[in-house]
Amino acid sequence: MSEKLLTVGKIVNTHGIRGEVKVMPYSDFADQRFASKSQLHIVPEQGSPIEVTVDTSRFHKNMYIVKFKELHGINEVEKFKGALLKITADLQEELPENEYYFHEIIGCRVVTDEEPPEELGVISEILTPGANDVWVVKTPKGKQILLPAIPDVVLDVDKEAKLVRVHLMEGLL
């Protein structure tokens, strides 16, 4: 499979015995991604990706409970615990200006708006605790800096250069 796949979630566990799985969403369009008839790829840690179609899904305790048309019963889904759910790049939604996909942000270098700019590290993950996302920056020394993804802090995102310019408000470090 040569087309680029983008991660939209992770199968974290099975649910019940009828082949449903608990999915941690990694997508701002989770309702759409896990809607009935959605085409997804299960990408296990070992083995080849398999194409599946969402049969049913429901939101439950910050996760989605998803049933795939092709998989029946707990024995068929158990082996996919820990697998990522991906979509083909052509299914990606166009985003409004100043909104980004997780895969566009993770891996970006982060610099301050000072002169000269100070390099803080690389964005390693994105947390979604509530009101706004939090970008986790891993410093060269292995420490973590938590940056709220708000306009006062995130000044500029250059997706092509994989570079984010931020303003460090007092108390962020």
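Helices and strands here are DSSP runs, numbered from the N terminus, with at least four residues for a helix and at least two for a strand. With that in hand, we can place Pro116 in the loop between strand S7 (109-112) and S8. Keep that residue in mind, as we will come back to its backbone. What you have in front of you is a predicted model, so let's walk through it from the overall layout down to single residues.

Start with the whole chain. The model has 3 helices and 12 strands. Along the principal axes, its C-alpha atoms fill a box of roughly 60 × 30 × 30 Å. Of the 173 residues, 38% count as buried.

The chain is divided into domain 1 (5-91) and domain 2 (102-166), and their C-alpha centres are 29 Å apart. UniProt has annotations to set beside this division. An unreviewed entry lists "domain: RimM N-terminal" at residues 7-90. That span is 10% helix and 50% strand, and 13 Å separates its end C-alpha atoms. The feature "domain: Ribosome maturation factor RimM PRC barrel", also from an unreviewed entry, is placed by UniProt at residues 103-172. Here the span is 4% helix and 46% strand, with its end C-alpha atoms 24 Å apart.

Where does the largest pocket draw at least three residues from each domain? Its lining takes them from domain 1 (5-91) and from domain 2 (102-166), so you may like to display both domains together when looking at this site. The space in this largest pocket comes to about 560 Å³. Of the 23 residues that line the largest pocket, Pro25, Tyr26, Ser27, Phe102 and Ile126 are the closest to its centre. Strand S1 (5-15), strand S2 (20-25), helix H3 (102-105) and strand S8 (119-127) are the elements that give two or more residues to this lining. S8 gives the most, with 4 residues. By residue class, the lining of the largest pocket divides into 13 nonpolar, 7 polar and 3 charged.

The second largest pocket holds about 420 Å³ of space. Its lining is made of 18 residues, and those nearest the centre are Asn98, Glu99, Tyr100, Trp135 and Ala149. H3 appears again here: H3 and strand S11 (154-158) each supply at least two residues of this lining. The largest share, 4 residues, comes from S11. The residues lining the second largest pocket divide into 12 nonpolar, 2 polar and 4 charged.

Now for the side chains. The structure holds 2 aromatic pairs. One of them joins Phe34 and Tyr64, whose ring centres are 5.1 Å apart with planes at 45 degrees, so this pair is tilted. Why does the pair tie together parts that are 30 residues apart in sequence? Phe34 lies in the loop between helix H1 (30-33) and strand S3 (39-43), while Tyr64 is in strand S5 (residues 63-68), so the contact bridges that separation along the chain. Both Phe34 and Tyr64 are buried. Ring pairs also bring in Phe59, linking Phe34, Phe59 and Tyr64 into a cluster.

The backbone has some points to look at as well. Most residues other than glycine have a negative phi, and most peptide bonds are trans. Back at Pro116, the peptide bond from Glu115 to Pro116 is cis, with omega near -10 degrees.

Lys37 has a positive phi, near 80 degrees, and is a residue other than glycine. Lys37 sits in the loop between H1 and S3. Is Lys37 buried or exposed? With a relative accessible area of 62%, Lys37 is over the 50% cut-off and therefore counts as exposed.

Asn62 also has a positive phi, about 65 degrees, although it is not a glycine. You will find Asn62 in the loop between strand S4 (50-60) and S5. At 59% relative accessible area, Asn62 is exposed, because exposed means over 50%.

Let's finish at Leu91, which is found in the loop between strand S6 (84-88) and H3. The relative accessible area of Leu91 is 35%, and this makes Leu91 partly exposed, because the value falls between the 20% and 50% cut-offs. Between the C-alpha atoms of Leu91 and Ser48 there are 20 Å, and the two residues are 43 residues apart along the chain.

Note on methods
Residues numbered from 1 in each chain as written. Predicted model: local features only at pLDDT ≥ 70, side-chain atom pairs only at ≥ 80, totals over all residues. Heavy atoms only, no water. 1 Å grid on protein atoms, 1.4 Å probe; cavity = no way out; pocket = protein on both sides within 12 Å on 5 of 7 lines; lining within 4 Å. Points joined across faces, edges and corners; volume = space filled by probe spheres on them. Nonpolar A, V, L, I, M, F, W, Y, C, P; charged D, E, K, R; others polar. Domains from an automatic or database assignment. UniProt positions renumbered as here; feature names shortened; annotations may be inferred. Phe/Tyr/Trp six-rings, centres within 6.5 Å; stacked < 30°, edge-to-face > 60°. Buried < 20%, exposed > 50% of the residue type's maximum accessible area, 1.4 Å probe, protein only.
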